[in-house]
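Visitor: Please walk me through this model, beginning with its charged contacts and ending with its pocket and surface.

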Amino acid sequence: MSVDVLSRETAPPPSASTLRLQFRRFRKNHLAMASVWLLALIVLGCFFGPYAFPFTGEDADFDFISAPAQFQWPHLFGTDEFGRDLLVRVLEGGQVSLTIGFLGALVAGVIGVLYGAVAGFVGGRADGLMMRAVEILYGFPYVILVILLSLLFGGGNLALFAAIVFTLWLTPAVIVRAQAQSLARREFIEAARAGGMTGRQIVLEHIVPNCMSVVIVYGSLLVPEVILSESFLSFLGIGIKEPQASWGNLISSGTSAMDSDLRLLLLPGVLLALVLLCLNFIADGLRDAFDPNDR
């Protein structure tokens with residue numbers, strides 16, 4: 001049997017029809033689909049909602065200092081102690097938190113997938129050295145790492161983004177490495193080697209596509225982890241700084257004023273909780289849809 005025939009018969013990259021079947025199974029999960037629509041509404045509201053108002057979240061209205069929520073235009077949910085519109089600040093804070101969450105998960109996922117695929121495919125001493133490096137990075141305390149990167153980059157959003165990505169790519173690398181080790185011993189990989197494909201081509205065209213089911217499911221879990229990390233660090237005062245808003249520092253400000261004005265805590269807190277719940281339900285739906293044992 002020729003190499004070309006063997007490659008065609010044994011290579012099992014996920015086909016478009018398989019992916020369509022898996023996403024059709026996902027669409028049958030009503031809770032997951034409701035979460036998708038609710039998450040889409042929140043994302044659209046955060047990114048386009050502020051344009052409906054004649055001011056930004058940093059503009060102060062000195063005629064309405066600490067105005068309560070009266071659902072009257074233009075300050076529907078009132079203002080804070082500086083006269084800044086609470087709803088607009090929460091929506092703009094959502095832009096920061098959601099951007100860091102989705103972009104951070106994407107970058108961390110890409111780094112982790114490529115690193116793990118290379119380590120698992122190469123094997124041997126190189127694999128051992130690469131995974132020892134991962135174990136060393138796992139040992140760094142998260143908050144201390146953020147502080148060190150903040151000093152290195154001079155603080156701000158870049159340091160926060162770098163710290164989150166630098167920490168969260170490790171788990172995808174470990175997961176994909178295990179998948180790549182199993183795939184590296186399959187017949188279609190041997191056929192690809194015999195056919196003259198380079199290691200880079202095998203990793204990108206065979207190893208990574210065959211790990212996509214695991215990557216998609218874990219990526220849906222990585223997004224809420226990144227959003228929660230940003231909110232937690234901003235809550236501690238390490239992440240996004242005033243006057244720029246994020247859900248984390250808004251919740252922190254609302255916590256200090258919860259005895260006198262609970263709405264400062266409730267509005268960003270409820271939106272953050274809804275986003276995290278939606279992402280978790282979506283992750284559950286993807287896990288069920290891509291589970292090879294559930295057919």
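Guide: A salt bridge is counted here when a side-chain nitrogen of Lys or Arg lies within 4 Å of a carboxyl oxygen of Asp or Glu. The model we are looking at is predicted.

Visitor: How far apart, N to O, are the side chains of Glu-135 and Arg-132 in their salt bridge?
Guide: Both residues belong to helix α5, and because Glu-135 and Arg-132 are 3 residues apart there, about one helical turn separates them. Glu-135 is partly exposed, with a relative accessible area of 46%, and Arg-132 is likewise partly exposed, at 41%. Their side chains meet in a salt bridge whose N to O distance is 2.9 Å.

Visitor: How many residues apart in sequence are the parts that Asp-127 and Arg-177 tie together?
Guide: The side chains of Asp-127 and Arg-177 form a salt bridge at 2.7 Å, N to O. Since Asp-127 lies in helix α5 (residues 124-138) and Arg-177 in helix α8, the pair ties together parts whose separation in sequence is 50 residues.

Visitor: Is Asp-127 buried or exposed?
Guide: The term buried applies under 20% relative accessible area. The value for Asp-127 is 5%, so Asp-127 is buried.

Visitor: Which residues are linked in a network of salt bridges?
Guide: One contact joins the side chains of Arg-89 and Asp-80 at 4.0 Å, N to O, and both Arg-89 and Asp-80 are buried. The network of salt bridges links Asp-80, Arg-84 and Arg-89.

Visitor: Which helix gives the largest share of the lining of the largest pocket?
Guide: The largest pocket holds about 430 Å³ of space, and of its 22 lining residues the closest to the centre are Ala-105, Val-215, Ile-216, Gly-219 and Ser-220. The lining divides into 19 nonpolar residues, 3 polar and no charged. At least two lining residues come from each of α4 (86-122), α8 (170-184), α11 (212-235) and α13 (263-290). With 9 residues, the largest share belongs to α11.

Visitor: Which helix gives the most to the nonpolar patch?
Guide: On the surface, Leu-38, Leu-41, Met-258, Leu-262, Leu-266, Val-270 and Leu-274 form a nonpolar patch with about 580 Å² of accessible area together. Leu-38 has its place in helix α3, and α3 (30-48) and α13 each supply at least two residues of the patch. The helix that gives the most, with 3 residues, is α13.

Visitor: How many helices does the secondary structure of the protein come to?
Guide: Read along the sequence, the pattern is one α after another. There are 0 strands, and the number of helices is 13.

Key
Residues are numbered from 1 along each chain as its sequence is written. This is a predicted model: local features need pLDDT of at least 70, side-chain atom pairs count only at pLDDT 80 or more; totals for chains, interfaces and linings use all residues. Side-chain values use heavy atoms; hydrogens and water are left out. On a 1 Å grid over the protein atoms alone, a cavity is a set of points where a 1.4 Å probe fits but cannot get out, and a pocket is an open set with protein on both sides within 12 Å along at least five of seven lines; lining residues have an atom within 4 Å of a point. Grid points are joined across faces, edges and corners, and a volume is the space filled by probe spheres set on the points. Helices (H or I, at least four residues) and strands (E, at least two) are DSSP runs, numbered from the N terminus. Ala, Val, Leu, Ile, Met, Phe, Trp, Tyr, Cys and Pro count as nonpolar, Asp, Glu, Lys and Arg as charged, and the others, Gly among them, as polar. Patches are made of residues with over 30% relative accessible area and no salt bridge: like charges are joined within 9 Å, nonpolar side chains (Val, Leu, Ile, Met, Phe, Trp, Tyr) within 5 Å. Accessible areas come from the Shrake-Rupley method with a 1.4 Å probe; for residues, only the protein chains shown count as cover. Buried means under 20% relative accessible area, exposed over 50%, partly exposed in between (1.4 Å probe, protein chains only).
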